[in-house]
Amino acid sequence: AFNDEIRSFLSGPSAAEGLFLLMEKGAEGIFNLGGAAAMSRFEFAKLAAKAHGLPQAKIIEKSQLKVETPVFRPADLTLDLQKIQSIGFVSKTVWE
């Protein structure tokens with residue numbers, strides 16, 4: 001799991017909450033929907049393993065720079081949540 005690719009992970013229930021809020025408000029346009037805590041894929045993998053009782057020792061930490069990929073991805077893939085928060089969405093961490 002990459003230790004240098006940061007994302008805004010969000011739980012399924014929180015994503016559904018955000019989508020329903022957008023529908024209730026009749027929102028139009030593009031809204032980013034993401035979690036409150038930015039973390040690397042490696043950090044997320046460790047949390048997921050712990051939550052499911054799996055061994056964290058089997059998760060291999062790696063830099064995305066050491067893996068050849070077909071497309072470039074920036075290291076910081078976090079989302080700007082100001083727009084969706086302005087209509088009342090309360091961003092949560094992935095474990096909420």
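Ala49 is part of helix H2, which covers residues 41-51. The model you are looking at is a predicted one. With a relative accessibility of 7%, Ala49 counts as buried, because buried means under 20%. Setting aside residues up to four places away in sequence, Ala49 touches Leu54, Gln56 and Ile59. Leu79 makes a useful second landmark: Ala49 and Leu79 are 30 residues apart in sequence, and their C-alpha atoms are 24 Å apart in space.

One of those partners, Ile59, is a good place to go next. Ile59 sits in the loop between H2 and H3. Apart from neighbours within four places in sequence, Ile59 is in contact with Ala1, Phe42, Ala45, Lys46 and Ala49. For Phe42, there is also a distance to look up: Ile59 and Phe42 are 17 residues apart in sequence and 7.8 Å apart in space, C-alpha to C-alpha.

The loop between H2 and H3 also holds Gln64. Is Gln64 buried or exposed? Gln64 has a relative accessible area of 12%, so this residue is buried. Its contacts, leaving aside neighbours within four places in sequence, are Phe2, Asp4, Glu5, Arg73, Pro74 and Ala75.

Further along the chain, Thr93 belongs to the segment after helix H3, whose residues are 82-85. Thr93 is buried as well, at a relative accessible area of 13%. Once neighbours within four places in sequence are set aside, Thr93 is in contact with Ala36 and Ala37.

Now to the rings. How many aromatic pairs does the count come to? The count comes to one aromatic pair. Phe9 and Phe44 form this pair, and it is stacked, with 4.1 Å centre to centre and 5° between the planes. The pair links distant parts of the chain, as its members are 35 residues apart: Phe9 is in the loop between strand E1 (6-7) and helix H1 (12-25), while Phe44 is in helix H2. Phe9 counts as buried at 17% relative accessibility, whereas Phe44 is partly exposed, with a relative accessible area of 28%.

Another ring has a charge for company. Lys83 lies over the face of Phe31, at 4.5 Å from the ring centre.

Here are the accessibility values of the residues met so far, side by side.

| Residue | Relative accessible area | Class |
|---|---|---|
| Ala49 | 7% | buried |
| Gln64 | 12% | buried |
| Thr93 | 13% | buried |
| Phe9 | 17% | buried |
| Phe44 | 28% | partly exposed |

With these residues in mind, you can step back to the whole chain. The protein chain has three helices and two strands, and from the N terminus on its elements run β-α-β-α-α. Along its principal axes, the C-alpha trace spans about 45 × 35 × 20 Å. What share of the 96 residues counts as buried? The share is 25%.

The contacts also say something about how the chain is put together. Among contacts between residues at least 6 apart in sequence, 85% join residues that are at least 24 apart.

Finally, turn to the surface and the charges. The protein chain exposes about 6,600 Å², and carbon and sulfur atoms supply 58% of that area. There are 11 positive and 11 negative charges in the protein chain, and the mean positions of the two sets are 7 Å apart.

How values were computed. Residues numbered from 1 in each chain as written. Predicted model: local features only at pLDDT ≥ 70, side-chain atom pairs only at ≥ 80, totals over all residues. Heavy atoms only, no water. Helix = DSSP H or I, 4+ residues; strand = E, 2+ residues; numbered from the N terminus. Buried < 20%, exposed > 50% of the residue type's maximum accessible area, 1.4 Å probe, protein only. Contact = heavy atoms within 4.5 Å. Areas by Shrake-Rupley, 256 points an atom, 1.4 Å probe, with all protein chains shown as cover. Lys, Arg positive; Asp, Glu negative; His and termini not counted. Charge placed at Lys NZ, Arg CZ, Asp CG, Glu CD. Phe/Tyr/Trp six-rings, centres within 6.5 Å; stacked < 30°, edge-to-face > 60°. Lys NZ or Arg CZ within 6 Å of the ring centre and 35° of its normal.
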